[in-house]
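Work through these exercises with the structure open beside you. Try each task before you read its solution.

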Amino acid sequence: MSRCLISKVEVQGFIERCMTGVGTKQHHARSLAEVLVEGDHRGHYSHGLNRMDMYVKDIQTGICAKDGEPVVEKESAATALVDGKNLLGPVVGNFCMNLAIKKAKEAGIGWVVAHGSNHYGIAGYYSMQALKENMIGMSFTNTSPLVVPTRGKDCTLGTNPISVAAPAKDGDSFVLDMATSAVALGKVELHERRGDTIPEGWGCDAQGKLTTDPKLVLSGGGLVPVGGSEATGGYKGYGLGMMVEVFCGILAGAQYSNHVRTWKVTDRVANLGQCFVAINPENFAPGFADRMSDLLSIQRGMEPVSGSCCGADKHCTLVNYMNECAKRVGVSPLLPCDNLISN
């Protein structure tokens, strides 16, 4: 399958044009574009340009609000409850993470939860904002029920990602950004779009049996928790998914579990719950960054089994698909697809 190289600037501008083309505020469109571009740049291709058409549709149909700003409903020195006003997830996420960082500067920790939010892209985008202030950042969100718990057949939990970012010396850092499902749904969608099978342990069919057919996962089946089957520790991923639900849907008073709307069925607002945390290491033992750098050096210093690398390219099928989406809303110029690279 052919692939092409596209600059970050080109992709960000394209996403902004598509979002403003359907009535999104310029700064809201920019917030979304920055998150999606960062997702692709960090290799989370399921949460980058691949998701743009979903956001366009949400604004077009009015199921996601395009006017207003998030509002603080309740707060203390270190905590806050935010109403996201059904705005784009990245708009809510940026508001909450900035507030968490502000509180951490004053109280040592900031813990902010939001209800009334929407899909916010990669969780790591928000946790990494804390690194700019030499703080630890954490970010969590619940999602539509896409995951079948261990020993179950029904989807009752979301992919419920976890992200933690911790600063080390000289701009270095540790960043964890992972779904509590074995894989993000977008990765299954990408395989289905390309006509590829998926690895065993990603998802199951409608009977709860593991399958390598992405179509069976997407039509009546579901994802499985981190760890895969019960025999390989899938119950641990199940537990982590529940933990995220506690921090998000339950703590924020948002929708949770199978009360969240079905994925891509926009007959009602999502009302997702999200959680954002900032921690100032200066309020704890001295030398945090030094120890973090040592910890990272220990892991990086091991002899690898084999080397690998990942590229910053895009499949032309995806680019063409998004260009068609842009044409439907009257956006130009489109993404270039002429800088082809060999497989």
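**Exercise 1.** Find the residues that Ile-15 touches, leaving out those up to four places away in sequence.

Solution. Start at Ile-15 in this predicted model. Skip the residues up to four places away in sequence. Ile-15 then touches Ala-33, Leu-36, Val-37, Leu-49 and Met-52.

**Exercise 2.** Where does the largest nonpolar core lie with respect to domain 1 and domain 2?

Solution. First, take its size: the largest nonpolar core has 65 residues. Next, pick out its best-connected members. Phe-14, Ile-15, Met-19, Leu-49, Met-52 and Leu-223 have the most contacts inside this core. Then look at helix H4, which gives the most to the core, with 8 residues. Last, check the domains. Domain 1 (8–61) and domain 2 (71–283) both contribute residues, so the core lies between them. Another core, of 17 residues, lies apart from this one. Its members include Val-113, Ile-136, Ala-252 and Met-292.

**Exercise 3.** Is Asn-94 buried or exposed?

Solution. Locate Asn-94 in helix H4, which covers residues 89–107. Read its relative accessible area: 16%. Buried means under 20%. Asn-94 is therefore buried. Now list its contacts, leaving aside neighbours within four places in sequence: Ser-31, Tyr-125 and Tyr-126.

**Exercise 4.** How do strands S2 and S3 run, and how many bridges join them?

Solution. Find S2 at residues 71–75 and S3 at residues 79–83. The two strands run antiparallel, and 4 bridges join them. One bridge pairs Glu-75 with Ala-80 in S3. Now trace the chain from S2 to S3: a hairpin makes the link through 3 residues.

Methods. Residues are numbered from 1 along each chain as its sequence is written. This is a predicted model: local features need pLDDT of at least 70, side-chain atom pairs count only at pLDDT 80 or more; totals for chains, interfaces and linings use all residues. Side-chain values use heavy atoms; hydrogens and water are left out. Buried means under 20% relative accessible area, exposed over 50%, partly exposed in between (1.4 Å probe, protein chains only). Contact means heavy atoms within 4.5 Å. A nonpolar core is a set of buried Ala, Val, Leu, Ile, Met, Phe, Trp, Tyr and Cys residues joined through side-chain atoms within 4.5 Å. Domain bounds come from an automatic or database domain assignment. Two strands pair if DSSP finds at least two bridges between them.
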